[in-house]
Amino acid sequence: MKRRVFSGIQPSGHLHLGNYIGAIRNWLANLDSRDNIFCVVDQHAITVDYDPDALREGTRQAVALYMACGLDPAQCRLFVQSHIPEHTELAWLLTCITPMGWLERMTQFKERVGPRRERVGTGLFAYPTLMAADILLYQTHEVPVGDDQKQHVELTRDIAERFNHKFGEVLTVPEPVIPQVGARIMGLDDPMAKMSKSATGHHHSVALLDSPDKVRKTIMRAVTDSQQGIVCDPQRPGLYNLLTIYQALTGLGHAEIETHFAGKGYGDLKKELAEVVIAEIEPIQARYRELTADPAYIDEVLATGVERLRPVVDATMDAVRRAMGHR
Ligand code: AQP
(Lines give C-alpha, C1' and ligand atoms only; values in the text may rest on other atoms or scores of the structure.)
Protein backbone atom coordinates (compact mmCIF):
# COMPACT_ATOMS: atom_id res chain seq x y z
CA MET A 1 0.00 0.00 0.00
CA LYS A 2 1.38 3.42 -0.96
CA ARG A 3 1.31 6.12 1.69
CA ARG A 4 -1.49 8.59 1.03
CA VAL A 5 -0.70 12.26 0.45
CA PHE A 6 -3.28 15.04 0.67
CA SER A 7 -2.77 18.77 0.21
CA GLY A 8 -4.53 21.83 -1.20
CA ILE A 9 -4.35 25.52 -1.96
CA GLN A 10 -7.09 28.08 -1.50
CA PRO A 11 -8.10 30.04 -4.62
CA SER A 12 -7.86 33.33 -2.75
CA GLY A 13 -5.75 35.06 -5.43
CA HIS A 14 -3.12 34.25 -8.01
CA LEU A 15 -0.87 31.29 -7.19
CA HIS A 16 2.67 32.56 -6.62
CA LEU A 17 6.24 31.33 -6.31
CA GLY A 18 5.74 30.66 -2.58
CA ASN A 19 2.84 28.29 -3.29
CA TYR A 20 4.90 26.65 -6.05
CA ILE A 21 8.16 26.21 -4.14
CA GLY A 22 6.61 25.62 -0.70
CA ALA A 23 3.83 23.28 -1.80
CA ILE A 24 3.28 22.22 -5.44
CA ARG A 25 6.88 21.18 -6.20
CA ASN A 26 6.86 18.93 -3.17
CA TRP A 27 3.64 17.32 -4.29
CA LEU A 28 5.33 16.61 -7.64
CA ALA A 29 8.48 15.19 -6.04
CA ASN A 30 6.87 11.95 -4.85
CA LEU A 31 4.03 11.38 -7.30
CA ASP A 32 5.19 7.88 -8.29
CA SER A 33 5.69 6.52 -4.81
CA ARG A 34 2.52 7.92 -3.15
CA ASP A 35 -1.27 7.68 -3.40
CA ASN A 36 -1.94 11.34 -4.24
CA ILE A 37 -4.99 13.50 -3.55
CA PHE A 38 -4.85 17.22 -4.33
CA CYS A 39 -7.64 19.69 -3.83
CA VAL A 40 -8.51 23.30 -4.53
CA VAL A 41 -9.92 24.33 -1.16
CA ASP A 42 -12.56 26.83 -2.29
CA GLN A 43 -14.45 26.72 1.03
CA HIS A 44 -11.39 28.11 2.80
CA ALA A 45 -11.40 31.07 0.41
CA ILE A 46 -14.78 32.28 1.72
CA THR A 47 -13.58 32.87 5.29
CA VAL A 48 -12.73 36.47 4.34
CA ASP A 49 -14.54 38.96 2.08
CA TYR A 50 -14.59 37.67 -1.49
CA ASP A 51 -16.25 38.04 -4.86
CA PRO A 52 -18.21 34.92 -6.03
CA ASP A 53 -17.27 35.40 -9.71
CA ALA A 54 -13.60 35.79 -8.84
CA LEU A 55 -13.82 32.66 -6.67
CA ARG A 56 -15.39 30.64 -9.50
CA GLU A 57 -12.73 31.85 -11.94
CA GLY A 58 -9.86 31.43 -9.43
CA THR A 59 -10.92 27.86 -8.62
CA ARG A 60 -10.78 26.78 -12.27
CA GLN A 61 -7.53 28.66 -12.77
CA ALA A 62 -5.99 26.82 -9.81
CA VAL A 63 -7.08 23.41 -11.12
CA ALA A 64 -5.60 24.19 -14.55
CA LEU A 65 -2.40 25.45 -12.92
CA TYR A 66 -2.08 22.27 -10.84
CA MET A 67 -2.16 20.25 -14.05
CA ALA A 68 0.07 22.70 -15.91
CA CYS A 69 2.68 22.34 -13.16
CA GLY A 70 2.71 18.58 -13.77
CA LEU A 71 0.01 17.06 -11.58
CA ASP A 72 -1.12 14.41 -14.03
CA PRO A 73 -4.70 13.23 -13.33
CA ALA A 74 -3.50 9.70 -14.11
CA GLN A 75 -1.20 9.88 -11.07
CA CYS A 76 -3.41 11.77 -8.65
CA ARG A 77 -7.02 12.50 -7.80
CA LEU A 78 -7.72 16.19 -8.37
CA PHE A 79 -10.90 17.82 -7.14
CA VAL A 80 -12.57 20.92 -5.72
CA GLN A 81 -13.40 20.84 -2.00
CA SER A 82 -17.01 22.10 -2.33
CA HIS A 83 -17.81 19.24 -4.74
CA ILE A 84 -17.60 16.79 -1.81
CA PRO A 85 -20.08 17.95 0.86
CA GLU A 86 -18.68 15.59 3.49
CA HIS A 87 -15.79 18.06 4.08
CA THR A 88 -18.19 20.42 5.86
CA GLU A 89 -20.07 17.61 7.60
CA LEU A 90 -16.85 16.23 9.06
CA ALA A 91 -15.67 19.76 9.89
CA TRP A 92 -18.75 20.29 12.07
CA LEU A 93 -18.27 16.97 13.85
CA LEU A 94 -14.62 17.82 14.54
CA THR A 95 -15.51 21.38 15.62
CA CYS A 96 -17.57 19.85 18.42
CA ILE A 97 -14.52 18.08 19.88
CA THR A 98 -12.01 20.90 19.30
CA PRO A 99 -11.43 23.12 22.34
CA MET A 100 -11.62 26.88 21.71
CA GLY A 101 -8.20 27.21 23.37
CA TRP A 102 -6.57 25.10 20.64
CA LEU A 103 -7.94 27.40 17.92
CA GLU A 104 -7.05 30.52 19.88
CA ARG A 105 -3.39 29.45 19.82
CA MET A 106 -3.23 29.42 15.99
CA THR A 107 -0.74 32.09 14.99
CA GLN A 108 -2.20 32.55 11.49
CA PHE A 109 -5.55 33.57 13.01
CA LYS A 110 -3.88 35.99 15.43
CA GLU A 111 -1.80 37.55 12.62
CA ARG A 112 -4.72 37.86 10.23
CA VAL A 113 -7.24 39.20 12.69
CA GLY A 114 -5.26 41.79 14.61
CA PRO A 115 -7.61 44.37 16.08
CA ARG A 116 -10.58 43.28 13.87
CA ARG A 117 -11.43 40.33 16.15
CA GLU A 118 -15.03 41.40 16.86
CA ARG A 119 -15.87 41.75 13.18
CA VAL A 120 -14.30 38.78 11.34
CA GLY A 121 -16.46 35.78 10.43
CA THR A 122 -16.53 32.73 12.71
CA GLY A 123 -15.29 30.72 9.71
CA LEU A 124 -11.89 32.41 9.89
CA PHE A 125 -11.55 31.24 13.49
CA ALA A 126 -12.81 27.70 12.74
CA TYR A 127 -10.82 27.39 9.47
CA PRO A 128 -8.27 24.94 10.99
CA THR A 129 -11.03 22.43 11.84
CA LEU A 130 -12.18 22.51 8.20
CA MET A 131 -8.55 21.92 7.20
CA ALA A 132 -8.43 19.01 9.68
CA ALA A 133 -11.57 17.57 8.07
CA ASP A 134 -10.02 17.93 4.58
CA ILE A 135 -7.04 15.87 5.68
CA LEU A 136 -8.73 13.32 7.95
CA LEU A 137 -11.56 12.52 5.51
CA TYR A 138 -8.99 10.76 3.30
CA GLN A 139 -7.13 8.86 6.06
CA THR A 140 -4.03 10.80 4.98
CA HIS A 141 -0.49 9.84 6.02
CA GLU A 142 1.46 12.86 4.72
CA VAL A 143 0.55 16.52 4.23
CA PRO A 144 3.19 18.43 2.21
CA VAL A 145 2.82 22.13 3.08
CA GLY A 146 4.87 25.28 3.53
CA ASP A 147 6.04 26.33 6.96
CA ASP A 148 3.01 28.58 7.64
CA GLN A 149 0.65 25.59 7.59
CA LYS A 150 2.73 23.33 9.87
CA GLN A 151 0.86 24.44 13.00
CA HIS A 152 -2.49 23.62 11.37
CA VAL A 153 -1.31 20.10 10.48
CA GLU A 154 -0.10 19.65 14.06
CA LEU A 155 -3.54 20.73 15.27
CA THR A 156 -5.05 18.16 12.86
CA ARG A 157 -2.94 15.48 14.56
CA ASP A 158 -4.22 16.59 17.97
CA ILE A 159 -7.84 16.54 16.77
CA ALA A 160 -7.42 13.04 15.24
CA GLU A 161 -5.84 11.72 18.44
CA ARG A 162 -8.61 13.25 20.56
CA PHE A 163 -11.27 11.74 18.27
CA ASN A 164 -9.64 8.29 18.42
CA HIS A 165 -9.29 8.50 22.19
CA LYS A 166 -12.97 9.45 22.66
CA PHE A 167 -14.63 7.30 20.00
CA GLY A 168 -12.18 4.51 19.03
CA GLU A 169 -9.43 4.19 16.40
CA VAL A 170 -11.10 5.60 13.28
CA LEU A 171 -8.87 8.38 11.95
CA THR A 172 -5.31 8.14 10.58
CA VAL A 173 -2.99 10.60 12.33
CA PRO A 174 -1.14 12.51 9.56
CA GLU A 175 2.37 14.01 9.45
CA PRO A 176 3.34 17.41 8.03
CA VAL A 177 6.05 17.27 5.34
CA ILE A 178 7.91 20.58 5.11
CA PRO A 179 10.43 21.32 2.31
CA GLN A 180 14.13 21.71 3.20
CA VAL A 181 14.51 24.77 0.97
CA GLY A 182 11.81 27.41 0.41
CA ALA A 183 9.39 26.46 3.20
CA ARG A 184 8.70 30.19 3.69
CA ILE A 185 9.30 32.45 0.71
CA MET A 186 9.07 36.07 1.76
CA GLY A 187 7.47 39.06 0.03
CA LEU A 188 9.73 40.69 -2.55
CA ASP A 189 8.60 44.14 -1.38
CA ASP A 190 9.00 43.21 2.30
CA PRO A 191 11.32 40.33 3.22
CA MET A 192 9.92 40.27 6.77
CA ALA A 193 6.42 39.27 5.57
CA LYS A 194 5.50 35.93 4.00
CA MET A 195 4.73 36.00 0.26
CA SER A 196 0.96 35.78 0.18
CA LYS A 197 -1.79 35.64 -2.46
CA SER A 198 -3.89 38.16 -0.62
CA ALA A 199 -1.13 40.77 -0.11
CA THR A 200 -1.85 43.92 -2.08
CA GLY A 201 1.61 45.36 -2.86
CA HIS A 202 2.19 45.71 -6.61
CA HIS A 203 5.69 44.22 -6.44
CA HIS A 204 5.01 41.79 -3.61
CA SER A 205 5.07 38.47 -5.43
CA VAL A 206 5.72 36.69 -8.71
CA ALA A 207 2.56 34.92 -9.82
CA LEU A 208 2.90 31.75 -11.89
CA LEU A 209 1.01 33.45 -14.73
CA ASP A 210 3.01 36.71 -14.74
CA SER A 211 4.52 37.81 -18.06
CA PRO A 212 8.35 37.73 -18.41
CA ASP A 213 8.33 41.52 -18.37
CA LYS A 214 6.42 41.65 -15.08
CA VAL A 215 8.71 39.00 -13.54
CA ARG A 216 11.79 41.03 -14.46
CA LYS A 217 10.30 44.26 -13.09
CA THR A 218 9.20 42.67 -9.80
CA ILE A 219 12.51 40.93 -9.16
CA MET A 220 14.63 43.95 -10.17
CA ARG A 221 12.67 46.02 -7.60
CA ALA A 222 12.98 43.42 -4.82
CA VAL A 223 13.94 44.99 -1.50
CA THR A 224 17.51 44.11 -0.39
CA ASP A 225 19.97 46.13 1.73
CA SER A 226 22.94 48.44 1.25
CA GLN A 227 25.63 45.85 1.99
CA GLN A 228 28.07 44.33 -0.50
CA GLY A 229 28.65 40.74 -1.60
CA ILE A 230 26.35 37.82 -2.37
CA VAL A 231 26.38 35.47 0.62
CA CYS A 232 23.71 33.15 2.00
CA ASP A 233 23.22 35.01 5.28
CA PRO A 234 19.79 34.85 6.98
CA GLN A 235 20.67 38.14 8.73
CA ARG A 236 20.28 39.82 5.32
CA PRO A 237 16.62 38.80 4.76
CA GLY A 238 16.01 40.46 1.37
CA LEU A 239 19.12 38.93 -0.19
CA TYR A 240 18.56 35.61 1.58
CA ASN A 241 15.03 35.38 0.17
CA LEU A 242 16.27 35.92 -3.39
CA LEU A 243 18.99 33.31 -2.88
CA THR A 244 16.47 30.86 -1.43
CA ILE A 245 14.31 31.17 -4.55
CA TYR A 246 17.45 30.78 -6.68
CA GLN A 247 18.53 27.72 -4.67
CA ALA A 248 15.09 26.09 -4.82
CA LEU A 249 14.86 26.52 -8.59
CA THR A 250 18.46 25.64 -9.54
CA GLY A 251 19.11 22.92 -6.95
CA LEU A 252 22.55 24.44 -6.19
CA GLY A 253 23.94 24.48 -2.63
CA HIS A 254 24.98 27.60 -0.67
CA ALA A 255 28.71 27.19 -1.41
CA GLU A 256 28.14 26.75 -5.15
CA ILE A 257 25.85 29.80 -5.23
CA GLU A 258 28.38 31.97 -3.38
CA THR A 259 31.17 30.88 -5.74
CA HIS A 260 28.95 31.53 -8.75
CA PHE A 261 28.18 35.10 -7.63
CA ALA A 262 31.64 35.94 -6.23
CA GLY A 263 32.59 39.50 -7.22
CA LYS A 264 29.10 40.22 -8.54
CA GLY A 265 26.42 42.55 -7.18
CA TYR A 266 22.70 42.58 -6.45
CA GLY A 267 21.89 43.70 -10.00
CA ASP A 268 23.62 40.62 -11.45
CA LEU A 269 21.84 38.32 -9.02
CA LYS A 270 18.43 39.84 -9.74
CA LYS A 271 18.93 39.68 -13.52
CA GLU A 272 19.96 36.04 -13.36
CA LEU A 273 17.22 35.10 -10.90
CA ALA A 274 14.57 36.68 -13.12
CA GLU A 275 15.72 34.51 -16.05
CA VAL A 276 15.75 31.37 -13.87
CA VAL A 277 12.18 32.11 -12.74
CA ILE A 278 11.00 32.84 -16.29
CA ALA A 279 12.55 29.59 -17.56
CA GLU A 280 10.69 27.71 -14.80
CA ILE A 281 7.26 29.27 -15.36
CA GLU A 282 7.18 29.63 -19.16
CA PRO A 283 6.50 25.91 -19.83
CA ILE A 284 3.83 25.99 -17.09
CA GLN A 285 2.16 28.94 -18.79
CA ALA A 286 2.26 27.24 -22.21
CA ARG A 287 0.62 24.11 -20.79
CA TYR A 288 -1.90 26.27 -18.89
CA ARG A 289 -2.97 27.93 -22.16
CA GLU A 290 -3.48 24.53 -23.79
CA LEU A 291 -5.50 23.21 -20.86
CA THR A 292 -7.76 26.22 -20.51
CA ALA A 293 -8.56 26.08 -24.23
CA ASP A 294 -10.55 22.93 -23.42
CA PRO A 295 -12.80 23.66 -20.39
CA ALA A 296 -14.69 20.38 -20.88
CA TYR A 297 -11.49 18.47 -20.16
CA ILE A 298 -11.04 20.25 -16.81
CA ASP A 299 -14.68 19.45 -15.89
CA GLU A 300 -14.07 15.82 -16.78
CA VAL A 301 -10.90 15.63 -14.63
CA LEU A 302 -12.77 17.13 -11.67
CA ALA A 303 -15.78 14.82 -12.05
CA THR A 304 -13.51 11.77 -12.29
CA GLY A 305 -11.58 12.93 -9.20
CA VAL A 306 -14.80 13.07 -7.15
CA GLU A 307 -15.95 9.70 -8.46
CA ARG A 308 -12.63 8.03 -7.56
CA LEU A 309 -12.71 9.55 -4.06
CA ARG A 310 -16.25 8.44 -3.26
CA PRO A 311 -15.29 5.03 -1.77
CA VAL A 312 -12.80 6.49 0.73
CA VAL A 313 -15.17 9.36 1.66
CA ASP A 314 -18.06 6.93 2.26
CA ALA A 315 -15.89 4.55 4.29
CA THR A 316 -14.52 7.30 6.57
CA MET A 317 -17.89 8.98 7.08
CA ASP A 318 -19.63 5.69 7.78
CA ALA A 319 -17.04 4.87 10.47
CA VAL A 320 -17.15 8.42 11.92
CA ARG A 321 -20.97 8.58 12.05
CA ARG A 322 -21.20 5.16 13.73
CA ALA A 323 -18.44 5.99 16.22
CA MET A 324 -20.15 9.27 17.16
CA GLY A 325 -23.58 7.69 17.63
CA HIS A 326 -25.31 9.03 14.53
CA ARG A 327 -25.97 5.53 13.15
N1 AQP B 1 5.30 32.28 1.08
C2 AQP B 1 5.20 30.96 1.08
N3 AQP B 1 6.32 30.19 1.08
C4 AQP B 1 6.24 28.83 1.06
N5 AQP B 1 5.04 28.17 1.04
C6 AQP B 1 3.92 28.90 1.03
N7 AQP B 1 2.61 28.58 1.00
C8 AQP B 1 1.86 29.70 1.01
N9 AQP B 1 2.65 30.78 1.04
C10 AQP B 1 3.94 30.32 1.04
C11 AQP B 1 2.12 27.21 0.97
O12 AQP B 1 1.21 27.11 -0.14
C13 AQP B 1 0.15 26.23 0.21
C14 AQP B 1 -1.18 26.90 -0.03
O15 AQP B 1 -1.51 27.78 0.96
P16 AQP B 1 -3.02 28.24 1.15
O17 AQP B 1 -3.60 28.68 -0.12
O18 AQP B 1 -3.80 27.18 1.81
O19 AQP B 1 -2.97 29.44 2.14
P20 AQP B 1 -1.79 30.25 2.70
O21 AQP B 1 -0.80 29.36 3.34
O22 AQP B 1 -2.39 31.30 3.59
O23 AQP B 1 -1.21 30.86 1.35
P24 AQP B 1 -1.17 32.33 0.84
O25 AQP B 1 -0.59 32.32 -0.50
O26 AQP B 1 -0.54 33.20 1.88
O27 AQP B 1 -2.69 32.72 0.68
P28 AQP B 1 -3.58 33.78 1.41
O29 AQP B 1 -2.96 35.12 1.15
O30 AQP B 1 -4.93 33.66 0.80
O31 AQP B 1 -3.60 33.42 2.86
C32 AQP B 1 0.38 25.81 1.67
O33 AQP B 1 1.05 24.57 1.68
C34 AQP B 1 1.26 26.91 2.18
O35 AQP B 1 2.06 26.50 3.28
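What follows is a short talk on the ligand site, the largest pocket and the largest cavity of this structure, which is a predicted model.

Let me begin with the ligand itself. There are 24 residues around the ligand, and the ones that come nearest are Ser12, Arg112, Asp148, Lys197 and Ser198. If we ask which elements supply at least two residues of that shell, they are β1, covering 3–9, α1, covering 17–29, and α5, covering 107–113. Of the elements, α1 gives the most to the shell, with four residues. By class, the shell around the ligand divides into 13 polar residues, six nonpolar and five charged.

Now to the individual polar contacts, which you may want to find on the structure as I go through them. Lys197, which I have already listed among the residues that come nearest, has an N or O atom in its side chain lying 2.5 Å from an oxygen atom of the ligand. The backbone takes part as well: a polar backbone atom of Gly146 is 2.8 Å from an oxygen atom of the ligand, and a polar backbone atom of Met195 is 2.9 Å from a nitrogen atom of the ligand. As for how much of the ligand is covered, taken alone it exposes 630 Å², and the protein buries 97% of that.

Where, then, does the ligand sit with respect to the open spaces of the protein? The space taken by the ligand is the largest pocket. That pocket holds about 870 Å³ of space, and it is lined by 40 residues, with Gln108, Asp148, Gln149, Lys194 and Ser196 lying nearest its centre. The elements giving two or more residues to this lining are β1, α1, α5 and α6. In terms of class, the lining of the pocket has 16 nonpolar, 16 polar and eight charged residues.

Finally, I turn to the enclosed space. How many cavities of 30 Å³ or more does the count give? The count comes to one, and the largest cavity has a volume of about 60 Å³. It is lined by Met106, Gln108, Phe109, Arg112, Leu124, Tyr127, Pro128 and His152, and by class that makes five nonpolar, two polar and one charged. Here α5 and α6, the latter covering 122–136, each supply at least two residues of the lining.

Two residues link these parts of the talk. Arg112 lines the largest cavity and is also among the residues that come nearest to the ligand, while Gln108 lines that cavity and is also one of the residues nearest the centre of the largest pocket.

Technical notes: Residues are numbered from 1 along each chain as its sequence is written. This is a predicted model: local features need pLDDT of at least 70, side-chain atom pairs count only at pLDDT 80 or more; totals for chains, interfaces and linings use all residues. Side-chain values use heavy atoms; hydrogens and water are left out. A residue is near a molecule or strand if one of its heavy atoms lies within 4 Å of it. A polar contact is a pair of N or O atoms within 3.5 Å; within protein, one must be able to donate a hydrogen and the other to accept it, and residues adjacent in sequence count only if both atoms are side-chain atoms. Accessible areas come from the Shrake-Rupley method with a 1.4 Å probe; for residues, only the protein chains shown count as cover. On a 1 Å grid over the protein atoms alone, a cavity is a set of points where a 1.4 Å probe fits but cannot get out, and a pocket is an open set with protein on both sides within 12 Å along at least five of seven lines; lining residues have an atom within 4 Å of a point. A molecule sits in a cavity or pocket if more than half of its atoms lie within 2 Å of its grid points. Ala, Val, Leu, Ile, Met, Phe, Trp, Tyr, Cys and Pro count as nonpolar, Asp, Glu, Lys and Arg as charged, and the others, Gly among them, as polar. Grid points are joined across faces, edges and corners, and a volume is the space filled by probe spheres set on the points.
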